[in-house]
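Trainee: Please take one buried part of this model and go through it closely. I am new to this structure, so start from a single residue and work outwards from there.

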Amino acid sequence: MHRVGVLALDGVVPFELGIPARIFGAACSATGVPLYSVVTCSLDGRPVRTDADYDIAVAEDASVLAHVDTVVIPPSHGQATLREGGRLPDDLRAALEQVRPGTRMVAICTGSFVLAAAGLLDHRPATTHWREATQLQRLFTTVRVDPNVLFVDDGDVLTSAGAAAGVDLCVHIVRRDHGSAVANEVARLCVVPPWRDGGQAQFIRQPVPEPSAGGTAATRAWALERLGEPLTLTDLAAHARVSVRTLTRRFRDEVGMSPGQWLAGQRIERARHLLETTDWPIDLVAHHAGFGTGTSLRQHLHSAVGVAPLAYRRTFRSAAALTA
């Protein structure tokens with residue numbers, strides 16, 4: 001069983017603190033066996049003050065981090081020295097030094113400041129809450145901060161944007177570990193989407209459009225039912241009964257990207273699902289995902305996730321087989 005340790009720091013935000021236990025705790029094998037165990041700790045094992053009107057009692061101190069496979073650091077509003085000066089307090093540094101080499105490190109929201117101060121994000125891509133991205137980049141100049149995405153997966157170090165983006169990241173981790181079938185069931189049990197369109201841009205640039213302005217939800221749903229067809233921007237605009245220019249503007253307002261980018265992303269997700277759940281030849285997967293040819297699928301998948309279709313299938317079918 002994969003062991004997850006969650007480090008609650010003084011001033012921790014309760015919502016994000018509860019995400020790992022809720023998401024990982026819902027992940028089970030096909031026979032109902034839990035796939036993760038989650039333990040929450042504080043630096044000294046004592047109750048932790050939250051940023052709400054209550055404290056949280058934990059069962060363990062930071063020594064437990066030496067025995068877990070994944071460490072999750074939720075955001076905290078009680079680390080002024082870290083957030084303003086980029087320096088780890090001595091007790092926090094000592095806690096992180098107990099983590100074994102090779103342990104997966106995960107930061108939710110401004111938990112990324114902890115990883116950055118520990119040197120774990122040097123010359124690596126990362127994200128945080130969009131409101132804090134500039135400060136993260138100012139303090140840690142070698143970190144490649146991307147303020148527009150919901151999360152960044154850089155292998156053994158993963159970071160998410162603010163608040164609910166921690167849910168997106170944890171569901172993604174379940175999918176990476178055990179395949180889309182398990183992740184989709186976790187999302188269903190937790191009543192969250194298995195994958196959210198767009199990034200933080202949709203929450204930064206301007207308020208959500210008024211319903212009277214006309215949305216793209218119906219057109220997106222229509223397109224998802226026809227991913228295998230050669231859809232164009234003109235087709236999408238015709239369904240929405242607007243011009244291509246208006247459609248593009250509304251897509252950027254609602255999902256933070258252009259219609260073409262969104263469509264390509266949905267086709268990648270369809271292809272990944274088919275690679276994980278079927279034995280279809282690559283050309284057939286490409287056809288049903290809307291890429292037309294296996295060559296096109298290979299190019300898009302490699303650009304998106306860095307691997308070829310067959311390598312992706314071997315990896316995730318193996319994970320699914322272990323889960324079963």
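**A residue in the core and its surroundings**

Mentor: F24 is buried, with a relative accessible area of 1% (buried is under 20%, exposed over 50% and partly exposed in between, for a 1.4 Å probe and protein chains only). The model is a predicted one, in which local features need pLDDT of at least 70 and side-chain atom pairs count only at pLDDT 80 or more, while totals for chains, interfaces and linings use all residues. Residues are numbered from 1 along each chain as its sequence is written, and side-chain values use heavy atoms, with hydrogens and water left out.

F24 belongs to helix α1 (helices are DSSP runs of H or I with at least four residues, strands are runs of E with at least two, both numbered from the N terminus). With neighbours up to four places away in sequence left aside, F24 is in contact (heavy atoms within 4.5 Å) with V4, Y36, V38, C170, I173 and V174. By contrast, L284 is 260 residues from F24 in sequence, and the C-alpha atoms of the two are 33 Å apart.

The rest of the helix fits this picture. The buried residues of α1 are P14, E16, L17, I19, P20, I23 and F24. An α-helix has 3.6 residues a turn, so residues three or four places apart point the same way. The cover over the buried residues of α1 includes the strands β1, β2 (36-41), β4 (55-56) and β5 (70-73), together with the helices α6 and α7.

Next comes the core. The largest nonpolar core has 32 residues (buried Ala, Val, Leu, Ile, Met, Phe, Trp, Tyr and Cys joined through side-chain atoms within 4.5 Å). Within this core, I23, F24, A27, Y36, V174 and V186 touch the most other members. At least two of its residues come from each of β1 (2-7), α1 (14-24), α6 (165-178) and α7 (180-190). Helix α6 contributes the most to this core, with seven residues. Another core lies apart from this one and has 30 residues, including L7, L82, L121 and V143.

Helices α6 and α7 turn up again around an enclosed space. The largest cavity has a volume of about 60 Å³. On a 1 Å grid over the protein atoms alone, a cavity is a set of points where a 1.4 Å probe fits but cannot get out, a pocket is an open set with protein on both sides within 12 Å along at least five of seven lines, and lining residues have an atom within 4 Å of a point. The lining of the largest cavity is made up of V171, H172, R175, A183, N184, P194, W195 and R272. Helices α6 and α7 each give at least two residues to this lining, and α6 gives the most, with three. By class, the lining of the largest cavity has four nonpolar, two polar and two charged residues.

R175, N184, P194 and W195 also appear in an open space. The second largest pocket holds about 280 Å³. It has 13 lining residues, of which R175, N184, P194, W195 and E269 are the closest to its centre. Helices α7 and α12 (259-277) each supply at least two residues of this pocket's lining, and the largest share, four residues, is from α12. The lining of the second largest pocket divides into five nonpolar, four polar and four charged residues.

Helix α7 also holds S180. S180 is buried, at 3% relative accessible area. Beyond four places in sequence, S180 is in contact with R175, H273, E276 and T277. In the loop between α7 and α8 (201-204) is V191. V191 is exposed, with a relative accessible area of 72%, and has a positive phi of about 55° although it is not a glycine.

A last point is how far to trust the model. The mean pLDDT (the predictor's confidence in each residue, from 0 to 100) of the chain is 89, and 92% of its residues reach 70 or more. Over residues 204-213 pLDDT stays under 50, and the model has seven contacts beyond four places in sequence for them. Where pLDDT is low, the predicted coordinates should not be read in detail.

Technical notes. Grid points are joined across faces, edges and corners, and a volume is the space filled by probe spheres set on the points. Ala, Val, Leu, Ile, Met, Phe, Trp, Tyr, Cys and Pro count as nonpolar, Asp, Glu, Lys and Arg as charged, and the others, Gly among them, as polar.
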